[in-house]
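Student: Before we discuss anything, could you put the sequence and the structure in front of us, so that I can ask how each term is justified?

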Amino acid sequence: MSRDILVIAKREFIERVRTKAFVIGTIIGPIFMAGIMIVPAFMASRLAKSVTITVIDAEGSLRSLVEESLASTGAPAEEAASSEARPRNQGSTQFSVKPPVGADLPAQREAAKQAVLKGTLDVYVVLPPDVLTESKAEYYAKSVTDFEGIRAVDRAIEKAVFGKRISAAGIDPAHVAALTKPLDLKRLRVSDKGEQEDRGVSFFLSLILVMMIYMGTLMWGQVVMTGVIEEKSNRVVEVIVSSTTPRNLLFGKLVGVGGAGLLQFGIWILALVGVSAASGSMAFLSGIDLPEINPVLIAAFPIFFLLGFFLYASLYAAIGAAVNTIQEAQNFIFPVMLPIIMAMVCWPVVMRAPASNISVVLSLIPFMTPILMFLRMSVLMPPVWQIALSVVLTSLTIAMVIWVAARIYRVGILMYGKPPNFPEMVRWVRHG
């Protein structure tokens, strides 16, 4: 690497990391990620909603069964059946049962309605006379968006109705409950280190890291493009190219901005590792499932981020050199972004079957490799030869793209006026 490239890279790096946007983003990023991982889990594990409920039974024999189910478990019957295998206090709805007020059913309904309107009662349910045959009931509340609570009430009524039916058929409900006990299926990751239960937190880790590569590639690529346009519009580039070549200027800009992006994401990753490592010893994190940090993924992250950055940032730089304003650049951005957008569209397919033929092929396409190969590594580690092949193919593609971008950059950086179309840019590449 020539001295000119190092000088330009140093200038670009220092210029980026000294900005308020870089400092604020570097501080807010880890806070945002920690909030995504910790706050919902903390609230779900520590907070339980209390609901006061009244059961109005027109059928006449179900109210006590429903009340007992709600008051004793405070959760759906299936969850209660497997309570030994599951952590407690995971945000489940807790019910406080109030008996109906009134001499007859219409009076009970009116009293419950008024109590809900006054706020002294949250919910009342009505079991019609034909509930045993029609399996229909009514749920009343000011808000019917508490889906967990509604599901709990639904299952409590269903359990009572089912128990009543099988009792009428001469079958012991307790025996049936024992025979139909729900299955608690644990998900265990198998690796060389053994088996480990996975409750889905690895999915969120994969999502966070992949989104960091996706957003970082586009964000820092646009930083390169914006910098090129500003230098061109301010005529600063004419002074710079008088002492170095446009190719060195392009490569130095890519190295400097890429280093700034890598520094920011490196700080974010270290914060993520720190939170995960401290989760076992910090009291307020106890009982919360946080993702296990895989050292291989941490080592692979800068590689795939830089692959994506150099691939797309060089194209962004070529666009910036060819146009005069950000508005003119919008016409060229979508074709450049399309491959990485397609990679995100294919993300569910790869997540579901990371070792399938289609996932392997997609992850080896250089413009999709930074997203999809890293995603495969975070879900199910692919063979080493596939990882190595993807890196080699993407590196060769980067070399070709930088060669093309440098030719466009060399011509476009000193041209003003009407922006070129694609055929003109092709001629720049051929004769540049």
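**Reasoning from value to term**

Tutor: At 0% relative accessibility, Gly261 counts as buried. Please keep in mind throughout that this is a predicted model.

Student: Why is Gly261 called buried?

Tutor: The term buried is reserved for residues under 20% relative accessible area, and Gly261 has a value of 0%, so Gly261 is called buried. Gly261 is placed in helix α11, which covers residues 246-278, and, when residues up to four places away in sequence are not counted, Gly261 touches Trp220 and Phe305. The C-alpha atom of Gly261 is also separated by 8.9 Å from that of Phe309, which is 48 residues apart from Gly261 along the chain.

Student: Is Thr394 buried or exposed, and how do you know?

Tutor: Thr394 has a relative accessible area of 0%, and because buried means under 20%, Thr394 is buried. Thr394 is found in helix α17, residues 384-412, where it touches Leu307, Pro366 and Thr369, again not counting residues up to four places away in sequence.

Student: What makes Ile166 count as buried, given a relative accessibility of 11%?

Tutor: The limit for the term is under 20%, and 11% satisfies that limit, so Ile166 counts as buried. Ile166 is found in helix α7, residues 147-168, and touches Ile171, Pro173 and Val176, with residues up to four places away in sequence not counted. Of these contacts, Val176 is ten residues apart from Ile166 along the chain, and the C-alpha atoms of the two are separated by 8.5 Å.

Student: Why is Ile28 called partly exposed?

Tutor: Partly exposed is the term between buried, under 20%, and exposed, over 50%, and Ile28, at 48% relative accessibility, falls in between, so Ile28 counts as partly exposed. Ile28 has its place in helix α2, residues 20-46.

Student: Which residues make the nonpolar surface patch, and what makes Ile28 eligible for it?

Tutor: The patch, of about 600 Å², is made by Val23, Ile24, Ile27, Ile28, Ile31 and Phe32. A patch residue needs over 30% relative accessible area, and Ile28, at 48%, passes that cut-off, so on this point Ile28 is eligible.

Student: How do you know that Arg11 and Glu15 form a salt bridge?

Tutor: A salt bridge requires a side-chain nitrogen of Lys or Arg within 4 Å of a carboxyl oxygen of Asp or Glu, and the closest N and O atoms of Arg11 and Glu15 are 3.8 Å apart, so the pair qualifies. Both residues lie in helix α1, residues 3-17, four residues apart, about one turn of the helix. Arg11 is partly exposed with a relative accessible area of 36%, and Glu15 counts as partly exposed at 37%.

Student: What other salt bridge does Arg11 form, and is that partner buried or exposed?

Tutor: Arg11 also forms a salt bridge with Glu12, with the closest N and O atoms 2.9 Å apart. Glu12 has a relative accessible area of 0%, and because that is under 20%, Glu12 is buried.

Student: Why can the salt bridge of Lys253 and Glu12 be said to tie together parts of the chain?

Tutor: The side chains of Lys253 and Glu12 meet in a salt bridge at 2.7 Å, N to O. Lys253 lies in helix α11 and Glu12 in helix α1, so the pair ties together parts that are 241 residues apart in sequence. Lys253 and Glu12 are both buried. Salt bridges that share partners join Arg11, Glu12, Glu15, Arg16 and Lys253 into one network, and the count of salt bridges comes to six.

Student: What makes β2 and β4 edge strands of the open sheet?

Tutor: The four strands of this open sheet are in the order β2-β1-β3-β4, with mixed pairing. β2 (94-97) and β4 (138-141) each have a single partner strand, so one side of each is left without a neighbour in the sheet, and they stand at the edges.

Student: How do you know that β1 and β2 pair?

Tutor: Pairing needs at least two bridges between the strands, and four bridges join β1, residues 50-57, to β2, so the two count as paired, and they run parallel. Within this pair, Val51 stands opposite Phe95 in β2.

Notes:
Residues are numbered from 1 along each chain as its sequence is written. This is a predicted model: local features need pLDDT of at least 70, side-chain atom pairs count only at pLDDT 80 or more; totals for chains, interfaces and linings use all residues. Side-chain values use heavy atoms; hydrogens and water are left out. Patches are made of residues with over 30% relative accessible area and no salt bridge: like charges are joined within 9 Å, nonpolar side chains (Val, Leu, Ile, Met, Phe, Trp, Tyr) within 5 Å. Accessible areas come from the Shrake-Rupley method with a 1.4 Å probe; for residues, only the protein chains shown count as cover. Buried means under 20% relative accessible area, exposed over 50%, partly exposed in between (1.4 Å probe, protein chains only). Contact means heavy atoms within 4.5 Å.
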